[in-house]
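Visitor: I've got a protein on my screen and a pile of terms in my head. Could you walk me through how the terms fit what I see?

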Amino acid sequence: MTAVIIDGKKLAQALLESVKKKITQRIKKGLSRPGLAVILVGNDPASEVYVKRKHEACEQVGIQSFKYCYNIITEQKLTDLIRQLNKDPAVHGILVQLPLPTTISTKNIIEAIDPQKDVDGFHPYNIGRLLQRRPLLRPCTPLGIMHILLSLNVDLMGRHAVIIGASNIVGRPMALELLLAGCTITVCHRHTRDLASYVKQGDIIISAVGKPGLIKGDWIKLGAVVIDVGITRLPNGHLTGDVDYDKAKERAGWITPVPGGVGPMTVAMLISNTLQAALP
């Protein structure tokens, strides 16, 4: 068996085109152009690349992008900026690029964002809504993965989904999304013993750790869906995921490449969330 390679770029492009059409229709009706404020603190090269991609996606679909970049800023001044943006009617979504410097509390900053403008979906209110099966704005990477899974026309009900990584950004909200879809969930983390035994049971494998080669190819159940969220730059400059891709694709039914799999969908879902936040 050779897996079907999931083209995240193609799926993301289709979603962005759909959002663009909706924004065009919105403007024709005399409604305001959606606005996204992106805040970047520090000079982390990876974060700068991510912010650039989000700005480019905004331009592509017709969202007005507001960038706020600081090498250094106090937590209080950052909080004041967010409160100002919360009140700005031209800003429908607010995104603070993570990670933040250690001098700033990520928890406090996320909680300062108006939940109705929390297009990253990290605010406790939005996570709570997802937990209660009444989602509003949802975390972008898990939502993008759900979009990928639905595109495969695979019946998710009752499937065993194994998630590796329990972060607030991917692993935990991913478990909530899959529960919502009717899956049986196993979440593995740094304290999990005998990781292989859990991975081998998975109809759906989602790894979001950032450790190259963590998931061995021969652990993959025949025909499983493999979603690799992890991304690491190797010393030779190449990007790689958590999964032993070459071996895993010989056993999986579907698999995402790194890069070009989940990453484009994360950006596309952010854009989709921004449009959703702009709706009356």
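Guide: Sure, let's take the helices, then the cores and domains, keeping in mind that this is a predicted model.

Visitor: What makes α5 and α7 roughly parallel or roughly antiparallel?

Guide: Look at the crossing angle of helix α5 (residues 124-131) and helix α7 (residues 171-180), which is roughly 30°. Angles under 35 degrees count as roughly parallel, so α5 and α7 get that label. Their axes come within 9 Å.

Visitor: Which residues make the contact?

Guide: From α5 you have I127, L130 and L131, and α7 brings P173, L176, E177 and L180. Sorted by class, that's six nonpolar, no polar and one charged. Glu counts as charged and Pro as nonpolar, so E177 is a charged residue in this contact.

Visitor: Why is the largest nonpolar core said to lie between the domains?

Guide: The domain assignment gives domain 1 (32-114) and domain 2 (140-260). Both give residues to this core, so it lies between them. The C-alpha centres of the two domains are 29 Å apart.

Visitor: Which residues touch the most other members of that core?

Guide: L149, L178 and I227, out of 48 residues. Helix α10 (residues 262-278) gives the most to the core, with nine residues.

Visitor: What does L178 touch?

Guide: Leaving out residues up to four places away in sequence, L178 touches M146, L149, A161, I163, C183, I185 and I206. There's also a second, separate core of 18 residues, including A3, A224, V226 and A248.

Notes. Residues are numbered from 1 along each chain as its sequence is written. This is a predicted model: local features need pLDDT of at least 70, side-chain atom pairs count only at pLDDT 80 or more; totals for chains, interfaces and linings use all residues. Side-chain values use heavy atoms; hydrogens and water are left out. A nonpolar core is a set of buried Ala, Val, Leu, Ile, Met, Phe, Trp, Tyr and Cys residues joined through side-chain atoms within 4.5 Å. Buried means under 20% relative accessible area, exposed over 50%, partly exposed in between (1.4 Å probe, protein chains only). Helices (H or I, at least four residues) and strands (E, at least two) are DSSP runs, numbered from the N terminus. Domain bounds come from an automatic or database domain assignment. Contact means heavy atoms within 4.5 Å. Axes are lines fitted to C-alpha atoms, for helices over the stretch in contact, and angles run from 0 to 180 degrees between N-to-C directions. Angles under 35 degrees count as roughly parallel, over 145 as roughly antiparallel, 65 to 115 as roughly perpendicular and the rest as oblique.
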